[in-house]
Amino acid sequence: MRSPTLSTLAFLLSVVAPAFASAQDTGFTWTNATELSYVSTSGNSSSSTFGLKGTLEAEDDPNQIKLEFGGVRAASSTTSRRAVGTVSDFEIIETERSETTAESYFARGRYDREFGVGFGFTGAGWDRNTFSGIQNRFQLVGGLGRTFVDGEGARLKADVGLTYTIQKDVEPAPDANESFGGWRVSVDAMRAISTNAQLNSELVLNNSLEDTDDLRADWLNSLSVSINAGLALKTSVQLLWDNVPAQLRVPLESAGGVPTGVDVLTPSAELDSVVTVTLVIRL
């Protein structure tokens, strides 16, 4: 049986590949931006955080293609020490324990075709965030939108579409529906605040047609400052909100703090926030 991840990648390729092949044949103008971030500490305790995001865009009026992928992984390790021997003659034994503390990945593609101030679009995406309870989630979307402002100093676009989602949780709820239809609204805005700096804001709302309480929001705000034609520094804040979060399995203890050997399911947090400072490489 094909794994969910492979099925997702095949699904993405089936949607995006025809548009990609068409772009190759019709002379699209391609641009690429890669965002890198890395933080490492060491000593009595150590940790590392690595982030990567790639964006490939193609444009040939009235067609546009956008492909994105990325991920964040954080790990930490702690060292415990114990002495073996006597007070005057002992040996220090160190034990190191490492664990992953955060991990999330995504991949998505989108094709837009403009007609006047409006446009039609279709796309597909996949994401994984096991620490929030999501093992695999992929979505197909199609709809219509409008461009209100589109210039070098400002941009404002909005669209609405219908979606089909398949979601596999780490700990599926007994009555969970893993596939469902829904609707999506997104807003994309940009404002130049100087000759080398700009603010960007992207908001995406997803809602299930089968369970109207299942509303999700992804709001990304960033400030980019260009160093030169090929490099920029970018600071961003991303808020991820899920009104019906996935379940997490936690060990159950008695009122006295004694482990019972039984696990229970509890909802994960509704809100995740991600703050990053990255180096953007443009090609």
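## Strand 2 and E57

Residue E57 is located in strand 2, which covers residues 45–60. The model described here is a predicted one. With a relative accessibility of 36%, E57 counts as partly exposed, because this value falls between the 20% limit for buried residues and the 50% limit for exposed ones.

E57 also takes part in a negative surface patch, which it forms together with E59, D61 and D150.

## The cis peptide bond at P62

One member of that patch, D61, precedes a cis peptide bond: the bond from D61 to P62 has an omega near 15°. P62 itself is placed in the loop between strand 2 and strand 3, the latter comprising residues 63–85.

## Overall architecture

The chain contains 14 strands and 1 helix. Its C-alpha trace extends over about 80 × 50 × 35 Å along the principal axes.

Of the contacts between residues at least 6 apart in sequence, 52% link residues that are at least 24 apart. Buried residues account for 29% of the 283 residues in the chain.

## Surface and charge

The exposed area of the chain amounts to about 16800 Å². Carbon and sulfur atoms contribute 58% of this area.

As to charge, the chain carries 35 negative and 22 positive side chains. The centres of these two sets are 3 Å apart. Among the negative side chains are those of E57, E59, D61 and D150, the residues of the surface patch described above.

Technical notes: Residues are numbered from 1 along each chain as its sequence is written. This is a predicted model: local features need pLDDT of at least 70, side-chain atom pairs count only at pLDDT 80 or more; totals for chains, interfaces and linings use all residues. Side-chain values use heavy atoms; hydrogens and water are left out. Helices (H or I, at least four residues) and strands (E, at least two) are DSSP runs, numbered from the N terminus. Buried means under 20% relative accessible area, exposed over 50%, partly exposed in between (1.4 Å probe, protein chains only). Contact means heavy atoms within 4.5 Å. Accessible areas come from the Shrake-Rupley method with a 1.4 Å probe; for residues, only the protein chains shown count as cover. The place of a charge is taken as NZ of Lys, CZ of Arg, CG of Asp or CD of Glu. Patches are made of residues with over 30% relative accessible area and no salt bridge: like charges are joined within 9 Å, nonpolar side chains (Val, Leu, Ile, Met, Phe, Trp, Tyr) within 5 Å. A salt bridge is a side-chain nitrogen of Lys or Arg within 4 Å of a carboxyl oxygen of Asp or Glu.
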